[in-house]
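Reader: I have a structure open and would like to talk it through with you. Could we take it feature by feature?

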Amino acid sequence: MTANVGSIDRVLRVVLGLILIALPFVSNMALFASGTATVIAVLVGLVLIATSAMRFCPLYRIFGIRTCKI
């Protein structure tokens with residue numbers, strides 16, 4: 001796996017991932033009243049954080065996108 005996620009992209013992924021993980025538990029939004037929306041938000045947040053940690057995004061590879069300078 002070659003790195004294809006750059007520094008700014010990594011930071012944005014971590015921030016958005018943390019927000020998606022915390023949002024269902026700290027907000028009173030009606031969207032998260034069902035367990036399904038909560039599970040989806042947490043899973044997407046975890047995937048964003050994982051792709052940031054690995055510096056590799058499979059979707060970027062499929063579409064030929066690289067945000068890193070290496």
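Reader: Is Arg55 buried, exposed or partly exposed?
Author: This is a predicted model, and in it Arg55 sits in the loop between H2 and H3. Buried ends at 20% relative accessible area and exposed begins over 50%. Arg55 has a relative accessible area of 26%, so this residue is partly exposed.

Reader: What is the phi of Arg55?
Author: Here is some background first. Most residues other than glycine have a negative phi. Arg55, the residue that follows H2, is not a glycine, yet its phi is positive, at about 60 degrees.

Reader: Moving back into H2, how far apart are the end C-alpha atoms of that helix?
Author: Helix H2 covers residues 35-54, which makes 20 residues. At 1.5 Å a residue the helix should span 28 Å. The model agrees with that expectation, because the end C-alpha atoms are apart by 29 Å.

Reader: Which helices are included in what covers the buried residues of H2?
Author: The buried residues of H2 are Ala37, Thr38, Ala41, Val42, Gly45, Leu48, Thr51 and Ser52. Their cover includes two helices, namely H1 and H3 (58-63).

Reader: Which residue meets Arg13 in a salt bridge?
Author: A search of the whole structure turns up one salt bridge. Its two residues are four apart in helix H1 (residues 7-26), so about one helical turn separates them. The N to O distance is 3.3 Å, within the 4 Å cut-off. The partner of Arg13 is Asp9.

Reader: Are Arg13 and Asp9 buried or exposed?
Author: The cut-off for buried is under 20% relative accessible area. Arg13 has 9%, and Asp9 has 14%. Both values fall under the cut-off, so Arg13 and Asp9 are buried.

Reader: Which residues make the nonpolar surface patch of about 340 Å²?
Author: Let's begin with one of its members, Val15, which lies in helix H1. Val15 has a relative accessible area of 45%, which makes it partly exposed, and a patch residue needs over 30%. The residues that make the patch are Val11, Val15, Leu16 and Ile19.

Reader: How many disulfides are there?
Author: A disulfide is a covalent bond between the sulfur atoms of two cysteines. Counting one here takes a pair of cysteine sulfur atoms within 2.5 Å. The count comes to zero.

Reader: How far away is the cysteine sulfur nearest to that of Cys57?
Author: Cys57 is in no disulfide, and neither is Cys68. Cys57 is buried at 7% relative accessibility, and Cys68 is buried too, with 11%. The nearest cysteine sulfur to that of Cys57 belongs to Cys68, at 12 Å.

Reader: Which residues does Asn4 touch, leaving out those up to four places away in sequence?
Author: Asn4 lies in the segment before H1 and counts as buried, at 4% relative accessibility. Its contacts include the two cysteines we just discussed. The full list is Arg55, Phe56, Cys57, Tyr60, Arg61, Ile65, Arg66, Thr67 and Cys68.

Reader: Last one: how far apart in space are Met1 and Ala30?
Author: Met1 is also found in the segment before H1, and at 75% relative accessibility it counts as exposed. In sequence, Met1 and Ala30 are 29 residues apart. In space, C-alpha to C-alpha, the distance is 40 Å.

Note on methods. Residues are numbered from 1 along each chain as its sequence is written. This is a predicted model: local features need pLDDT of at least 70, side-chain atom pairs count only at pLDDT 80 or more; totals for chains, interfaces and linings use all residues. Side-chain values use heavy atoms; hydrogens and water are left out. A salt bridge is a side-chain nitrogen of Lys or Arg within 4 Å of a carboxyl oxygen of Asp or Glu. Buried means under 20% relative accessible area, exposed over 50%, partly exposed in between (1.4 Å probe, protein chains only). Contact means heavy atoms within 4.5 Å. Patches are made of residues with over 30% relative accessible area and no salt bridge: like charges are joined within 9 Å, nonpolar side chains (Val, Leu, Ile, Met, Phe, Trp, Tyr) within 5 Å. Accessible areas come from the Shrake-Rupley method with a 1.4 Å probe; for residues, only the protein chains shown count as cover. The expected span of a helix is 1.5 Å times one less than its number of residues.
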